[in-house]
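Me: I have a chain in front of me and would like to know what stands behind the terms used for it. Can we take them one at a time?

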Amino acid sequence: LPGDRIQFIDGDLYINNNQVFKSKISSKDIIYCSGSIDANDLGHVDVFTYSEKLSNNKTYKTVYKKYGNFKNSNAFIVPKKHYFFLGDNRDCSADSRYLTGLGYVPEENLVGKAQFIFFSSDFRIGNIFSFWKWHKTIRFDRFFKRII
């Protein structure tokens, strides 16, 4: 939020100088990370999955690369009427940490809150126009899934 201080120290997230508690859920997950090269498969990366808990007791899942993860950052001080967005896929998200990319998001750019996933497909297999691949491309289990 405006005025908040966000920083990564030794791979841990701190908000307003308070460490965000995280507990490991899994050590066996693999994700797709655009632009990453893994020894086994292009773009597939081994990750640790965590549950992180904010000071308001809200929890959410995050993933961090097992190797070469984002360890330390300068402190980000969110300007007035701006917001800081941090992806849950910590090491593969182009989020507010990249000030020359997304950076701080101006308040006037916020138009609503995501409530559910309407449609989901795996672009690595095919696109929506490749109807003969829909049985592999479309992730039906994610349709209309509520976002908490």
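Reply: Start with one pair of residues in this predicted model: Ile6 has Phe76 in S7 as its bridge partner.

Me: What makes S1 and S7 a pair of strands?

Reply: Pairing requires at least two bridges between the strands. S1 and S7 have two bridges, so the condition is met and they count as paired. The sense of this pairing is antiparallel.

Me: How do you know that S1 and S2 pair?

Reply: Strand S1 covers residues 5–9, and four bridges link S1 to S2. The definition asks for at least two, therefore these strands pair as well. In this antiparallel pairing, Phe8 lies opposite Leu13 of S2, and Ile9 has Asp12 of S2 as its bridge partner.

Me: What sits between S1 and S2?

Reply: Two residues separate the strands of this hairpin, and Asp10 has a positive phi near 50 degrees.

Me: Why are S2 and S3 called paired?

Reply: S2, residues 12–15, shares two bridges with S3. At least two are needed, so the pair qualifies. Ile15 faces Asn18 of S3. The hairpin of S2 and S3 also has two residues between its strands, and there Asn16 takes a positive phi near 55 degrees.

Me: What holds paired strands of a sheet to each other?

Reply: Strands of a sheet pair through backbone hydrogen bonds, in a parallel or an antiparallel way.

Me: In what order do the four strands of the open sheet run?

Reply: The order is S3-S2-S1-S7, with antiparallel pairing.

Me: Why are S3 and S7 called edge strands?

Reply: Strand S3 (18–19) and strand S7 (76–77) each pair on one side only, and these are the edge strands.

Me: Why can S7, with residues 76–77, be called a strand?

Reply: A strand needs a run of at least two residues. S7 spans 76–77, so this run is long enough to count.

Me: How many helices and strands does the chain have?

Reply: The chain has one helix and eleven strands. Along the sequence they follow β-β-β-β-β-β-β-β-β-β-α-β.

Me: What makes a residue of this chain count as buried, and what share does so?

Reply: A residue is buried if its relative accessible area is under 20%. Of the 148 residues in the chain, 32% are buried.

Me: How much surface is accessible?

Reply: The accessible surface of the chain is about 10500 Å², and carbon and sulfur atoms contribute 55% of that.

Definitions and conventions
Residues numbered from 1 in each chain as written. Predicted model: local features only at pLDDT ≥ 70, side-chain atom pairs only at ≥ 80, totals over all residues. Heavy atoms only, no water. Buried < 20%, exposed > 50% of the residue type's maximum accessible area, 1.4 Å probe, protein only. Areas by Shrake-Rupley, 256 points an atom, 1.4 Å probe, with all protein chains shown as cover.
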